[in-house]
Amino acid sequence: MEEKSGLFAEASLSLEGSCCLQIRDPPIKAAEGSRRGLVRNLILFSKYILLLLSHNSTEGPSRAGASVAGLSPDTRYVLRLAAFNDVGASPYTTPLHFTTREEAPGGVPRDITVRALRARELQVTWQPPPRETWHGILLGYTIRWWEASEEGKSAIDTASESGASADATSTTLRGLKAATRYGVTVRTYNAAGTGPLSPPHYRHTLESPPTGGPEELSCTSSSSTSLRVSWRPPNPDARGGQITHYTLQYTRRDSDPLQLTQDAHLRVQGEEATVSRLTSYAEYEIRVRAHNAAGDGPLSAPQVCKTDEDVPSAPGGMKLIALSERSLRASWLPPLEPNGRLTHYSLYVKDLSGSQEANVTRVNACTDGESTVECMKPLRGLRAGRTYEAWVRAATAVGEGPPSAVIACQTSALAPARISSFGGVAVGAAGGSLSLRCVVGGVPPPAKRWLRGGSPLHPRTPFHLDGDALLIRNLELSHADNYTCVAENPHGSDSVTWRVYVLRPPIPPGLALLEARSRELELELRPALRAQGHALPKAYTLHWRLSAPEGEWRIQAASPGPVTLTGLRCGSAYRAYGSAGGAPGAEISIRTSGGPPTAPPDTRWIRANATHARFDTSMWSDGGCGPVALKLEWAGSGVAGARDVPVGGEVILGGLTPGSRYRVAARASNEAGWTREVYEFTTTPAEGSYAEEVDAPFPATAGELALLLALCAALSLAALTILAILLRRKRSDGAVARVITSGDKPGCGTYRPPPHPTPKLPPDPPDVYEISPYATFAGGDALAGSGSRAYTLQLRALARHEDDAAPPAHPPCCDGQ
């Protein structure tokens, strides 16, 4: 009869991969005093698995071994072994606890949805994969996205990635293109690797108003009254969607300064248009705006075009006065519509007493700087007492225009006083000068005087007589009035009047921020209200620069309404103001959205074991300003190092010393700035050792320095206070209280160190993370002759096991009392 097999010795385990277990046993002993039985089978209990394993003799005559497959990764198992023969089974070995290794996740996130929030944002939500597919502790998620065309072509090779923490179930993808189709996948990762990609989910971002104006705007003159304009659509990244139409805006630039400019608009479906019914030889400012279903885009950069020349209109006025019995003076105004650059005038003079043709005299165009002014031409060598008539025609390079009105005058030795000059409207700028020319004629020569508002004007500062003209210097708003020149002689009188306007420069417009984006600022240009005494603005400009470091001022043409500044730096401050051709407007401080990277709030992004530390860099936020450069500097256990690491994944630092404290300085930077934070972590101590203090050779942070200074000040104040109290007591009655120590009077409940070294507690299993702290207190009666009470206190951190759930028994204190 066979006896039961003897008890197995402690089995040894070795993990082969994450799902297999190799068992190695020492030699099997039979029960003492009994005959060895034949071991036929081994019974293995692994969690809820019951396996019947045959004896494997390949290990030798006195060893047994087996491989257990089909285990789950990162799962804790309890294993017992027993030998079995024909008689029965041996007792089980002591339970062995083991955990299989981690393995890359085998499942994909569930319930993935992609939703368009704004024109340039997509929100991705998901749920974690089934728990049984984690194969370890999930460290986070990796989200990939790429542009996907409607034809199915995808730029997945150039996909972008971002990370999310393990407890996150959503993220927002920013900085995308509007009205663009994107593909999105989500995958998990743990310490062993990354899981499979989820099936791609596709979604279009919403449309947004175009952020850029049409490009390559050009125009050519197709005639004296029309312009041909063409352009290209905005940059694809700035269209914000499908362009539906364009608006062409054109404004005449050389119009009356006292009149508001009138913008004309033309709706265009294509990318070219002809603008007709314009003024000849006039400058027009052309701008084009693109539109889509979401709204209106900004105006393009202006293009100034000029129509072709044409023949001018008739001169604006004509005068002919007698200077003597043999001379006359003709004067006239330039055409109201020159329609080109005036080259000359043709003055026609005809003696009405004769039958000959009119005498034609060529007169050069009269100019004052860039503008044309009235012209005067004396006519001498005429016959006395004859009547002459005169008219004039203006000419450009194209030809002569229609004639002016015909004026007749008789030469005479007794001619009444007349004024050749023309009155009208005169405009001067505040602080400048203005000249009013009054040329008179008659026989005898007439006397001349000036009136202001109907009252005599005396020549004193700022009014001066300068030959035929009245000169007003240092113009002020109060000088705006009616000025009249009066000429008189015994035979008659004449007068002309000028209406003088004195204008300050246009009031600058105001600026307001409408929306700040990462690399764009949308401002609103608000024209100032019309104010008396100020010129009307004809054109606006926007001036802006980077605040820090201080950049150069840039100028951009603008129109009232929204204006977009592009090509800016993310998370940066700018200064801007508007101008209407005069003084600059009030500066405003504006800032693009985003900022420096945001650091994790605590050390949860760092996980360490005895020799390695794992950094989950996906917990660093880019601050909305794109790529982040991250540099780690570490120090501890007498060593230090630095390393540039990528952001959005996992970085492992090896070669660390067990049971040591380390300090890590992380410096993350992007185009908006940088962030530096210092963290501390401790590697897992080896059995029977303690954590070493941190060795940090790199400088402390400003907060640490401030705390150190405050602590030093507090300690110094406390030391001075104690010293003052001791000196004061010494000067009193001189009595010194006797201090009784525990050595002088031992009592029950006082702590005494044991004469032998205290044994160290065995370390907890590395896979047990739940700590159950408890404390025991034992208190005795009052000490004889003392009002104090002594207690013992024991604190211990225990792993929560079923056989160790209660605190250890404590002997009663002071049994004798």
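This is a short tour of disulfides, one asparagine and a surface patch in a predicted model.

**Stop 1: the disulfides**

Start with the cysteines. How many disulfides does a search of the whole structure find? The search finds 4. Three of the pairs come up below.

**Stop 2: Cys219 and Cys305**

Select Cys219 and Cys305. A disulfide joins them, with an S to S distance of 1.2 Å. Look along the S-S bond: the angle about it is -70 degrees, and the link is left-handed. Now trace the chain from one partner to the other. Cys219 sits in strand S16, residues 215-223, and Cys305 sits in strand S23, residues 303-306. The two are 86 residues apart, so this pair links distant parts of the chain.

Turn on the surface. Are these cysteines buried or exposed? Cys219 has 16% relative accessibility and counts as buried, because the cut-off for buried is under 20%. Cys305 has 6% and counts as buried too.

**Stop 3: Cys438 and Cys485**

Move on to Cys438 and Cys485. Their sulfur atoms are 2.0 Å apart and form a disulfide. The angle about the S-S bond is -80 degrees, which goes with a left-handed link. Where do the partners lie? Cys438 is in the loop between strand S36 (434-437) and strand S37 (440-441). Cys485 is in strand S42, residues 482-489. This pair also links distant parts of the chain, 47 residues apart.

Check the surface again. Cys438 is buried, at 0% relative accessibility. Cys485 is buried as well, with a relative accessible area of 0%.

**Stop 4: Cys570 and Cys625**

Next, select Cys570 and Cys625. They are joined by a disulfide, S to S 1.9 Å. The link is left-handed, with -80 degrees about the S-S bond. Both ends sit in loops: Cys570 lies between strand S48 (561-565) and strand S49 (573-579), and Cys625 lies between strand S52 (613-616) and strand S53 (629-636). The pair therefore ties together parts that are 55 residues apart in sequence. Cys570 and Cys625 are both buried.

**Stop 5: Asn670**

Keep Cys625 on screen and add Asn670. Asn670 touches Cys625. Which other residues does Asn670 touch, leaving aside those up to four places away in sequence? They are Gly595, Pro596, Pro597, Asp622 and Pro627.

Asn670 belongs to strand S56, residues 661-670. Asn670 counts as buried, with 12% relative accessibility. Show its polar contacts. The side chain of Asn670 reaches the backbone oxygen of Gly595 at 3.2 Å. A polar atom of the Asn670 side chain also lies 3.0 Å from the backbone nitrogen of Ala672.

**Stop 6: two more cysteines**

Select Cys409, then Cys712. Cys409 is buried, with 14% relative accessibility. Cys712 is partly exposed, at 41% relative accessible area.

**Stop 7: a patch on the surface**

Finish on the outside. Select Val425, Val427 and Tyr501. What do they form? They make up a nonpolar patch on the surface. Together they have about 240 Å² of accessible area.

Zoom in on Val425. This valine lies in strand S35, residues 424-429. Val425 has a relative accessible area of 56% and counts as exposed, because the cut-off for exposed is over 50%. Set Val425 beside the cysteine pair at stop 3: Val425 is exposed, whereas Cys438 and Cys485 are buried.

Note on methods. Residues are numbered from 1 along each chain as its sequence is written. This is a predicted model: local features need pLDDT of at least 70, side-chain atom pairs count only at pLDDT 80 or more; totals for chains, interfaces and linings use all residues. Side-chain values use heavy atoms; hydrogens and water are left out. Patches are made of residues with over 30% relative accessible area and no salt bridge: like charges are joined within 9 Å, nonpolar side chains (Val, Leu, Ile, Met, Phe, Trp, Tyr) within 5 Å. Accessible areas come from the Shrake-Rupley method with a 1.4 Å probe; for residues, only the protein chains shown count as cover. A salt bridge is a side-chain nitrogen of Lys or Arg within 4 Å of a carboxyl oxygen of Asp or Glu. Helices (H or I, at least four residues) and strands (E, at least two) are DSSP runs, numbered from the N terminus. Buried means under 20% relative accessible area, exposed over 50%, partly exposed in between (1.4 Å probe, protein chains only). A disulfide is a pair of cysteine sulfur atoms within 2.5 Å. A polar contact is a pair of N or O atoms within 3.5 Å; within protein, one must be able to donate a hydrogen and the other to accept it, and residues adjacent in sequence count only if both atoms are side-chain atoms. Contact means heavy atoms within 4.5 Å.
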